[in-house]
Amino acid sequence: MSSINQWIDEYHKGSRFGLNGEILIKKTSKYQEIIVVENEYYGKALMLDGCWMTSLKDEKYYHECLVHPALSSMDEKSNVLIIGGGDGGTARECLKYSQISNIDLVEIDEEVIKISKQFLKEIGGEAWNDKRLKIHIDDGVKWVKNTRDKFYDVIFIDCSDPSEFSNLLFSDSFYSDCKRLLTKKGILATQSESPESFKNIHISILKSLKKIFRVSETMYSFVPIYPSGIWSWTFASEDVINLSKQNCNEALRIEKGCEIWNLNFQNAAFKMMPNKIVKELNS
Ligand code: SPD
């Protein structure tokens, strides 16, 4: 592998979003091309099939926003499902809650886990050694179909952008299966793409979740290395979720260990829906 710096870009509708650096590994797994590049500012960064997934420097923007709005708002949580999440960041944030006794992490591509453990070990950190974390190399869609009703308190969908092999993770039937798996007060938390660079799929996710679940709320923040930077996370439940619960001791404890997320940040983020998205959702 050459140690010469080069630009690695995510191409997107005539724009490109790139990092310059040394390629540490480039490999094609059964499912996708996997690249890890080392950039001066963002540190090591992971790209799957031409799309940026995460970097050491900005991963907390993503993982803290996916996990803490759900877990800090729930009283009962012991059993968690993560679909995707092969870099370990979502599991690491979940394991900050002592009430969690089991996490099933279902990742289709074993190579993503291997490469993350080898090149991005700071992201998963101690989570990889935690007995509560069970890794399953499997298809998330099949996993939810084959799991019994009301089994999980929380489901995190930490997937890539829609593609040939991940499309079903954005489908109504998948979301309905997730709903069936959740306990009465359970929450589905999913990355819901960008209202700017992935507007159509973003709208489609929000419409599906609103249709399938009793409540669904979306927050907006940033993931600097993703196309356009602005990103979203959506939380859906059959129970009325109190995602902006204040002064909860647990949330205050979690805040202290976070780089990005805190309750004020979250409260603002749930009010950040761009007006063009509001209009399209209402039309
Ligand atoms: N455009 C990238 C969307 C990827 C979301 N998942 C990232 C994985 C980080 N754990």
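**Exercise 1. How many helices and how many strands does the secondary structure of the protein come to?** Then judge the overall compactness of the protein.

*Solution.* The model is a predicted one, and its secondary structure comes to 10 helices and 12 strands. For the compactness, take the radius of gyration, which is 18 Å, and set it beside the 19 Å that the globule rule gives for 283 residues; the two values are close, so the protein is as compact as a globular protein of that length. As a complementary description, the C-alpha atoms fill a box of roughly 55 × 45 × 40 Å along the principal axes.

**Exercise 2. Locate the ligand and describe the residues around it.**

*Solution.* Begin with the site: the ligand sits in the largest pocket. Strand 5 (51–55) and helix 1 (59–71) are the elements that give two or more residues to the shell around the ligand. Next, list the shell itself, which consists of Trp52, Met53, Tyr62, His63, Asp87, Asp158, Cys159, Asp161, Gln191, Tyr226 and Trp231. Finally, sort these residues by character, which yields 6 nonpolar, 2 polar and 3 charged.

**Exercise 3. Identify side chains that place an N or O atom within 3.5 Å of a ligand nitrogen, and state how far the protein covers the ligand.**

*Solution.* Take the side chains one at a time, applying the 3.5 Å cut-off for a polar contact. An N or O atom in the side chain of histidine 63 is 2.7 Å from a nitrogen atom of the ligand. For the side chain of aspartate 158 the corresponding distance to a ligand nitrogen is 2.9 Å, and for that of aspartate 161 the distance is 2.8 Å. As for the cover, the ligand taken alone exposes 340 Å², of which the protein buries 98%.

Note on methods
Residues are numbered from 1 along each chain as its sequence is written. This is a predicted model: local features need pLDDT of at least 70, side-chain atom pairs count only at pLDDT 80 or more; totals for chains, interfaces and linings use all residues. Side-chain values use heavy atoms; hydrogens and water are left out. A residue is near a molecule or strand if one of its heavy atoms lies within 4 Å of it. A polar contact is a pair of N or O atoms within 3.5 Å; within protein, one must be able to donate a hydrogen and the other to accept it, and residues adjacent in sequence count only if both atoms are side-chain atoms. Accessible areas come from the Shrake-Rupley method with a 1.4 Å probe; for residues, only the protein chains shown count as cover. On a 1 Å grid over the protein atoms alone, a cavity is a set of points where a 1.4 Å probe fits but cannot get out, and a pocket is an open set with protein on both sides within 12 Å along at least five of seven lines; lining residues have an atom within 4 Å of a point. A molecule sits in a cavity or pocket if more than half of its atoms lie within 2 Å of its grid points. Helices (H or I, at least four residues) and strands (E, at least two) are DSSP runs, numbered from the N terminus. Ala, Val, Leu, Ile, Met, Phe, Trp, Tyr, Cys and Pro count as nonpolar, Asp, Glu, Lys and Arg as charged, and the others, Gly among them, as polar. The radius of gyration is taken over C-alpha atoms; the globule rule is 2.2 Å times the number of residues to the power 0.38.
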